[in-house]
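Reader: I'm new to this one. Could you show it to me and walk me through it?

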Amino acid sequence: LRQSDLLAVFTAGLMFDNDGEEDCHLMDDFERREGDCLQEFIDNLINLTFFLLMGAAIPWAPIMALGWRLSLLVVGLLLLRRLPFLLLVPPLPGSPRLERAFVGWFGPMGVGAIFYATLGRYHVHEPALIPLVWGVVLASVLVH
């Protein structure tokens, strides 16, 4: 695994999503034609498959073994991850403070964190890294 793999997958997803057509959610039933929403169908199919596989791969026993330490880590990360940084950075013209707080709070951790934890496991050789990251990602997704 290389670090550029995640960037390549992200870029491919952006290009796959940018087909230059309107979003199917914004179209009326009268405007839709057969084949117009193939992109949306494929996107939903890939997302459903991915989340089913991701849910099946969650290491429940090691996550539960972390106990209260995982809860403390999750609360600390969710409160202190991006919000203080965005509130301390000088605001851009026209960006209200409440909007910056929302942007700082929102954004669950997910596939990228699991990818980098898997990559880091080979360099750090720490067995608790994977269940720790999976627990944080699971809690982050549930909270958001």
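Author: Let's begin with one residue, Val-74. Residues are numbered from 1 along each chain as its sequence is written. This is a predicted model, where local features need pLDDT of at least 70, side-chain atom pairs count only at pLDDT 80 or more, and totals for chains, interfaces and linings use all residues, while side-chain values use heavy atoms and leave out hydrogens and water.

Reader: Which residues does Val-74 touch, not counting those up to four places away in sequence?

Author: Touching here is contact, meaning heavy atoms within 4.5 Å. With residues up to four places away in sequence set aside, Val-74 touches Gly-135, Val-136 and Ala-139.

Reader: Which element gives the most residues to the largest nonpolar core?

Author: A nonpolar core is a set of buried (under 20% relative accessible area, 1.4 Å probe, protein chains only) Ala, Val, Leu, Ile, Met, Phe, Trp, Tyr and Cys residues joined through side-chain atoms within 4.5 Å. The largest one has 16 residues, and Val-74 is among those touching the most other members. Two or more residues come from each of α3 (60–66), α4 (68–80), α7 and α8. With six residues, the top giver is α8.

Reader: How do α7 and α8 run relative to each other?

Author: Their axes (lines fitted to C-alpha atoms over the stretch in contact, with angles from 0 to 180 degrees between N-to-C directions) come within 9 Å and cross at roughly 170°. Angles over 145 degrees count as roughly antiparallel. So α7 is, relative to α8, roughly antiparallel.

Reader: How many helices does the protein chain have?

Author: Helices are DSSP runs of H or I, at least four residues, numbered from the N terminus. Strands number zero, and the helix count is eight.

Note on methods:
Angles under 35 degrees count as roughly parallel, over 145 as roughly antiparallel, 65 to 115 as roughly perpendicular and the rest as oblique. Buried means under 20% relative accessible area, exposed over 50%, partly exposed in between (1.4 Å probe, protein chains only).
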